[in-house]
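Biologist: I would like to go through this structure with you step by step, beginning with one strand and then moving on to charged side chains. Could you take me through the reasoning as we go?

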Amino acid sequence: MVRLVQEALAAQGITEKILAVGQFNPRGHVGGMFAGGLAGGEAGGLIGSPAESVGVGVGSLAGMHAADKASGLPGNMLVGVSAEAVYGFAATSRHSAPTALVFQVPRSGLKATVHKRFNVRILELRDTESGSTIELEGNRLPVTHSKDVIDLLKS
């Protein structure tokens, strides 16, 4: 992931060295999935048991995408941290090349706050001068390396 983000930055003419990269989603991604699954399951259950299962699946996907769309951020992102800035790139997966730079925030004047949830960590990046925030959701699975990014920003 570090190599992918480093290459994406180089393509933009940015030469900063990336120290950590993690896979993130917009805040509400997993919650939207659960809420959509519950609603879809209830609606499908009115028809019968097989429809309930289909409703859970379809509802989960719809809820997840609705939460992503409401955030204004892509559903999957690679977030890279250098000594100077935090970069967010749209990326299909943690193995695919980033497709677009969606945010670039200087680390000076940036306050990182972590809110722990059951299965995710919420990373809030707040510009102390303007109050603008970017809210991201990092999965607790080690393969996403979201904790690496959080640890670096909290140090």
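Biologist: How many of the six residues of strand β3 are buried?

Modeller: This is a predicted model, and in it strand β3 covers residues 85-90. On one side of the strand Ala-85, Tyr-87 and Phe-89 are buried, and on the other side Val-86, Gly-88 and Ala-90 are buried as well, so that both faces are covered. The strand is therefore largely enclosed by the rest of the structure, and the number of its residues that are buried is six of the six.

Biologist: Which residue of β3 stands opposite Val-79?

Modeller: Strand β2, residues 77-82, runs antiparallel to β3, and five bridges join the two. A hairpin leads from β2 to β3 through two residues. Within β3, the residue that stands opposite Val-79 is Gly-88.

Biologist: Which residue in β4 stands opposite Tyr-87?

Modeller: Strand β4, which spans residues 100-106, pairs with β3 in the antiparallel sense over six bridges. Tyr-87 belongs to the side of β3 that also holds Ala-85 and Phe-89. Its opposite residue in β4 is Gln-104.

Biologist: Turning to charged side chains, how far apart in helix α1 are Arg-3 and Glu-7?

Modeller: Side chains of opposite charge can pair when their charged atoms come close. Arg-3 and Glu-7 form a salt bridge, with 3.3 Å between the closest N and O atoms. Arg-3 is exposed at a relative accessible area of 54%, whereas Glu-7 counts as partly exposed at 45%. Along helix α1, which covers residues 2-11, the two are separated by about one helical turn because they are four residues apart.

Biologist: Is Glu-124 buried or exposed?

Modeller: Glu-124 forms a salt bridge with Arg-126, in which the closest N and O atoms are 3.1 Å apart. Arg-126 has a relative accessibility of 33% and counts as partly exposed. The limit for a buried residue is under 20%, and because Glu-124 has a relative accessibility of 11%, it counts as buried.

Biologist: What distance separates the closest N and O atoms of Asp-151 and Lys-147?

Modeller: Both residues lie in helix α4, residues 146-154, and they are about one helical turn from each other because they are four residues apart. Asp-151 is partly exposed at 39%, and Lys-147 is partly exposed at 40%. Their closest N and O atoms form a salt bridge at a distance of 2.9 Å.

Methods. Residues numbered from 1 in each chain as written. Predicted model: local features only at pLDDT ≥ 70, side-chain atom pairs only at ≥ 80, totals over all residues. Heavy atoms only, no water. Buried < 20%, exposed > 50% of the residue type's maximum accessible area, 1.4 Å probe, protein only. Pairing = 2+ DSSP bridges. Salt bridge = Lys/Arg side-chain N within 4 Å of Asp/Glu carboxyl O.
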